[in-house]
2 protein chains.
Amino acid sequence: MPDSNSSSLLIVGSVGIDDVKTPLGEVNGVLGGAASYASTAASFFTPVQMVAVVGDDFPREHIDFFRSRNIDLAGLQQVPGPTFRWSGFYDFDVNQAHSLDTQLGVFQDFRPELPDHYRDADFVLLANIDPTLQLQVLDQIRNPRLVMCDTMNFWIESKRDELIKVLGRVNVAVINDGEARQLCGTFSLVKAAQQIREMGPEFVIIKKGEHGAVMFGPGLHFSAPSYPLEEVRDPTGAGDSFAGGFMGYVAHTQDPSDNNLRRAVIYGSVMASFDVEDFSQNRMKSLTPQEVAARYRAFKQIAHFEAMEELSLLERLSGE
Amino acid sequence: MPDSNSSSLLIVGSVGIDDVKTPLGEVNGVLGGAASYASTAASFFTPVQMVAVVGDDFPREHIDFFRSRNIDLAGLQQVPGPTFRWSGFYDFDVNQAHSLDTQLGVFQDFRPELPDHYRDADFVLLANIDPTLQLQVLDQIRNPRLVMCDTMNFWIESKRDELIKVLGRVNVAVINDGEARQLCGTFSLVKAAQQIREMGPEFVIIKKGEHGAVMFGPGLHFSAPSYPLEEVRDPTGAGDSFAGGFMGYVAHTQDPSDNNLRRAVIYGSVMASFDVEDFSQNRMKSLTPQEVAARYRAFKQIAHFEAMEELSLLERLSGE
């Protein structure tokens, strides 16, 4: 577990119960939700403070799991009514989730109230959730150093104005490729990233599923590979795990320099690559810090190539 | 131009005349064909020997262009009849070419006859063309050191057996992601690459268009980013330019080590990124060795991230 020198990371998002079917299997009634995945991934790097709501039907074992990851649950409300539920499936194209049913349950009337010790959070992850709730959380935080938001197609369609308000108040936006194209009305991810940066965030990270991720910033373009898994058992939560790993690492290091954000993208990719190896958060239950470190080194090998041999090639390229 | 210490690269493939329409414009009767694109890209690194056929309608200016690139045309037959013609278009998804018409013309009865000085080629690129012709070329080469083949969906469907024979005789196969999935009947590119490697080639490179390229080899997995162009004016020939840049660099350095093949993937990506900036081979006409070198350095920046800070993070990740 991370030590107490790490800075706390506040994460708001959905916590829910999922039914998921993929070409490699099917699970029902398992732990899901953006804040669940993001918090667990982040907890490998830094203490996490969770903001979310669950119903009175939420299984005790999931609460115990969060506690075992040292996640602060003072901001997790448990209220009468049904917990948020999502059911969906994936075909062989693991980049595309197909939703069958979404039941907001107790999220319908959720109004986040931050415990006082959450309000001094330096690092904030607004995981995928209604942008209105993201704004209500931001309003209660006194002086954050770095805020990142995630979103999804549903909010781009139904709450575009609120989403644009959120983007105006964050430092980093993370979004997947299809959603970036949808939000900006352009096929070019380079143009989409520029447009999103003009809405507010200094940095934009576009997640491309099996094709890795790209980060755009002031004078910065960074492309991270994906990890070559033979099989993706369940892609649910990959994007949330990415965001959690990214922000968990940033909060742990308290260093938002360009070079450190590049590393954070790799740690996010590492956590996403573990997430998809099993259904729900099963892989996270056995994951060790040593495995995280080994996979970071594997990413380094995957992306490695040497600098140009300046003398020999340039001479030959230029000389007649 | 490359000096005479570089080793010659033999390239066989189509040379033709294209009509191309993209969201950013339209050209008619321009220079096209896999061997054209590949030879021009390779000519920035090493002397090229071209094997192909054109009809008596083939414009003189294209011959002059090949000559200006120091491409050996002793193996380019000019015969009575119409030159190979392709017409097609691209929508905003530049990864997907839509063919409108293909006229084989003089390629219908082409039987490659290699000039004697071609038969000692050390490096061979079997660019996209009928695999029967690829095999006929291979049969005439005495003792090649490294052979790479490219192909396309049309041959996977219509000449699968011959294509598999080709794969059994090459060191490196290059193929795009959709074609790899089609050839192997699996969605997983990792599995597809394994299957193709079992057919013969030690190395398999999967081109992913705007998502870069990945190379698989013995104990080797390398992921190359793409260059972040705001607009792709004409994607035609990107894959051929990649193959030409890759093999041109390998022939130039005469070094098929893993580390050098990684560099070759980047040079291939560099040449592909220039190709798509303009229609046909227009960009290549003004391209300088200094621009090639500068873009290689840009790729290095795009892919760069630092190694894990072993002490601080591992200590914290592992320590309670």
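Trainee: In this predicted model, what makes E11(A) and E12(A) a pair, and how many residues lie between them in the hairpin?

Mentor: E11(A) and E12(A) form a hairpin with five residues between them. In the turn, A:Gly209 has a positive phi of about 60°. Pairing takes at least two bridges. Four bridges join E11(A) to E12(A), so they pair. The two strands run antiparallel. A:Ile206 stands opposite A:Val214 in E12(A).

Trainee: Which way does E10(A) run relative to E11(A), parallel or antiparallel?

Mentor: Parallel, with five bridges joining E10(A), residues 172–176, to E11(A). A:Ala173 has A:Val204 as its bridge partner in E11(A).

Trainee: Why is E11(A) called largely enclosed?

Mentor: A residue counts as buried if 20 or more other C-beta atoms lie within 10 Å of its own. Five of the five residues of E11(A) are buried, so the strand is largely enclosed by the rest of the structure. A:Phe203, A:Ile205 and A:Lys207 point one way, A:Val204 and A:Ile206 the other. In a regular strand, side chains alternate between the two faces of the sheet.

Trainee: What makes H1(A) largely enclosed?

Mentor: Nine of the nine residues of H1(A), 34–42, are buried, so the helix earns that description. Among them are A:Tyr37 and A:Thr40.

Trainee: Why are H8(A) and H9(A) called oblique?

Mentor: Their angle is about 140°. Roughly antiparallel needs over 145, and roughly perpendicular covers 65 to 115. The angle fits neither, so H8(A) and H9(A) are oblique. Their axes lie 7 Å apart, and the crossing is right-handed. The contact includes A:Phe246 of H8(A) and A:Met271 of H9(A). Its residues divide into 12 nonpolar, seven polar and two charged.

Notes. Residues are numbered from 1 along each chain as its sequence is written. Chains are lettered from A and ligands numbered from 1 in the order in which they are written. This is a predicted model: local features need pLDDT of at least 70, side-chain atom pairs count only at pLDDT 80 or more; totals for chains, interfaces and linings use all residues. Axes are lines fitted to C-alpha atoms, for helices over the stretch in contact, and angles run from 0 to 180 degrees between N-to-C directions. A crossing is left-handed if the near helix is turned anticlockwise from the far one by less than a right angle, and right-handed if clockwise. Two residues are in contact if their C-beta atoms, placed from the backbone, lie within 7 Å. Ala, Val, Leu, Ile, Met, Phe, Trp, Tyr, Cys and Pro count as nonpolar, Asp, Glu, Lys and Arg as charged, and the others, Gly among them, as polar. A residue is buried if 20 or more other C-beta atoms lie within 10 Å of its own, exposed if 12 or fewer, and partly exposed in between; C-beta atoms are placed from the backbone.
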